[in-house]
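Colleague: Before I rely on the labels attached to this model, I would like to go through them with you and hear the reasoning behind each one.

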Amino acid sequence: MILITYKEVDKSYFELYDTVSMNVDVQSEYKVERINSGLGGFTFKEIQVSPYVKDLSKYERAVNYEKEFDITNWRFYMAFDGEIPVGAMTIAGKTEGLHMLSGRADACVLWDIRVADAYKHNGIGQGLLKMGIAGAKSDGYCQMIIECQNNNVPACRFYQKQGALLSKIDMYAYYSEPEVRDEVQFVWYLNIE
């Protein structure tokens with residue numbers, strides 16, 4: 001049995017934070033189909049795909065946060081197995097220019113959550129999220145906004161299990177990025193109580 005410790009950290013940990021892998025083992029994806037051009041709703045079918053690993057760390061590096069945003073209202077958490085970093089999470093609070101907040105002051109964003117490959121399925125993500133929710137609640141937020149993609153089925157299942165509700169589907173969110181053009185953006189909302 002592994003003994004994981006969790007703690008809130010500051011930006012001095014960013015290089016260590018970025019050592020935690022952010023790989024998604026893609027074996028299936030949700031295919032989204034419109035009913036009556038979308039007016040009749042959508043259907044979701046989980047379809048098997050040729051397995052591959054998507055490395056999200058090439059899109060998300062903690063050491064770059066301050067280059068893009070004022071991180072004054074952000075919180076950072078890490079999980080450790082002894083001295084080894086095995087999980088990390090960022091919660092973004094009130095931030096000018098953070099479009100996912102849509103100008104809301106009562107919501108925060110689950111900006112990043114990652115668990116090292118060898119430590120997945122051990123409750124580390126849930127432990128991090130529990131800390132993040134407690135921090136968000138103490139900061140006065142009533143909702144957490146979470147983005148993921150249709151090819152990250154494990155994340156979708158995780159957020160659903162935590163009580164989040166899928167509330168937005170954007171089939172063209174990444175259209176200007178040829179490498180990920182076919183991915184569908186899912187936005188979840190988790191009420192903080």
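Colleague: Which residues form one aromatic cluster?

Modeller: The cluster is made up of Phe-14, Tyr-17, Tyr-65, Phe-69, Trp-74, Phe-76 and Trp-111. Please keep in mind that this is a predicted model. A search of the whole structure finds 13 aromatic pairs.

Colleague: What makes the pair of Phe-14 and Phe-76 edge-to-face?

Modeller: The ring centres of Phe-14 and Phe-76 are 4.8 Å apart and the planes stand at 75°; since a pair needs centres within 6.5 Å and edge-to-face needs planes over 60 degrees apart, both conditions are met. Phe-14 belongs to helix 1 (residues 14–17) and Phe-76 to strand 4, so the pair ties together parts that are 62 residues apart in sequence. Both of these residues, Phe-14 and Phe-76, are buried.

Colleague: Why is the pair of Trp-74 and Trp-111 called tilted?

Modeller: For Trp-74 and Trp-111 the centres are 5.3 Å apart and the planes are at 50°, and because stacked requires under 30 degrees and edge-to-face over 60, the pair falls into the remaining class, tilted. With Trp-74 in strand 4 and Trp-111 in strand 6, this pair joins parts that are 37 residues apart in sequence.

Colleague: How do you know whether Trp-74 is buried or exposed, and what does Trp-111 count as?

Modeller: The relative accessible area of Trp-74 is 5%, and as buried means under 20%, Trp-74 is buried. Trp-111 has 21% relative accessibility, and because partly exposed covers values between 20% and 50%, Trp-111 counts as partly exposed.

Colleague: What makes strand 5 mostly covered, and which strands does strand 5 pair with?

Modeller: Of the 9 residues in strand 5 (residues 84–92), 8 are buried. Strand 5 pairs with strand 4 (residues 74–81) in the antiparallel sense over 8 bridges, and with strand 6 (residues 107–115), again in the antiparallel sense, over 6 bridges; as two bridges are enough for strands to pair, both counts qualify. Phe-76, already met in the aromatic cluster, stands opposite Thr-90 in strand 5, while Ala-88 stands opposite Arg-114 in strand 6. In the hairpin of strand 4 and strand 5, 2 residues lie between the strands, and Gly-82 there takes a positive phi near 65°.

Colleague: In what order do the strands of the open sheet stand, and how do you know which strands are at the edges?

Modeller: The open sheet has 7 strands in the order 1-4-5-6-7-9-8, with mixed pairing. Strand 1 (4–9) and strand 8 (165–170) each have a single partner strand, so one side of each is left without a neighbour in the sheet, and these two strands stand at the edges. From one strand to the next, the twist averages 25°. Helix 3 lies across strand 1, strand 4, strand 5, strand 6, strand 7 and strand 9, and runs at about 150° to strand 4.

Colleague: Why can one say that the buried residues of helix 4 line one face of the helix?

Modeller: The buried residues in helix 4 (residues 153–161) include Val-153, Ala-155, Cys-156 and Tyr-159. Looking down the axis of helix 4, the buried residues fall within an arc of 160°, so they line one face. They pack against strand 2 (23–34), strand 3 (42–55), strand 6, strand 7 (143–149) and strand 9 (185–191). Helix 4 itself lies across strand 6, strand 7 and strand 9, at about 160° to strand 7, and just after helix 4 Gly-163 takes a positive phi of about 100°.

Colleague: What is the phi of Ser-37, and why is Ser-37 called exposed?

Modeller: The phi of Ser-37 is near 60°, a positive value in a residue other than glycine, and Ser-37 sits in the loop between strand 2 and strand 3. Its relative accessible area is 69%, and because exposed means over 50%, Ser-37 is exposed.

Colleague: How do you know whether His-121 is buried or exposed?

Modeller: His-121 has a relative accessible area of 80%, which is over the 50% limit, so His-121 is exposed. His-121 is in the loop between strand 6 and helix 3 (124–138), and its phi, near 70°, is likewise positive in a residue other than glycine.

Definitions and conventions:
Residues numbered from 1 in each chain as written. Predicted model: local features only at pLDDT ≥ 70, side-chain atom pairs only at ≥ 80, totals over all residues. Heavy atoms only, no water. Buried < 20%, exposed > 50% of the residue type's maximum accessible area, 1.4 Å probe, protein only. Helix = DSSP H or I, 4+ residues; strand = E, 2+ residues; numbered from the N terminus. Arc of directions from axis to C-beta. Contact = heavy atoms within 4.5 Å. Phe/Tyr/Trp six-rings, centres within 6.5 Å; stacked < 30°, edge-to-face > 60°. Axes fitted to C-alpha atoms, helices over the stretch in contact; angles between N-to-C directions.
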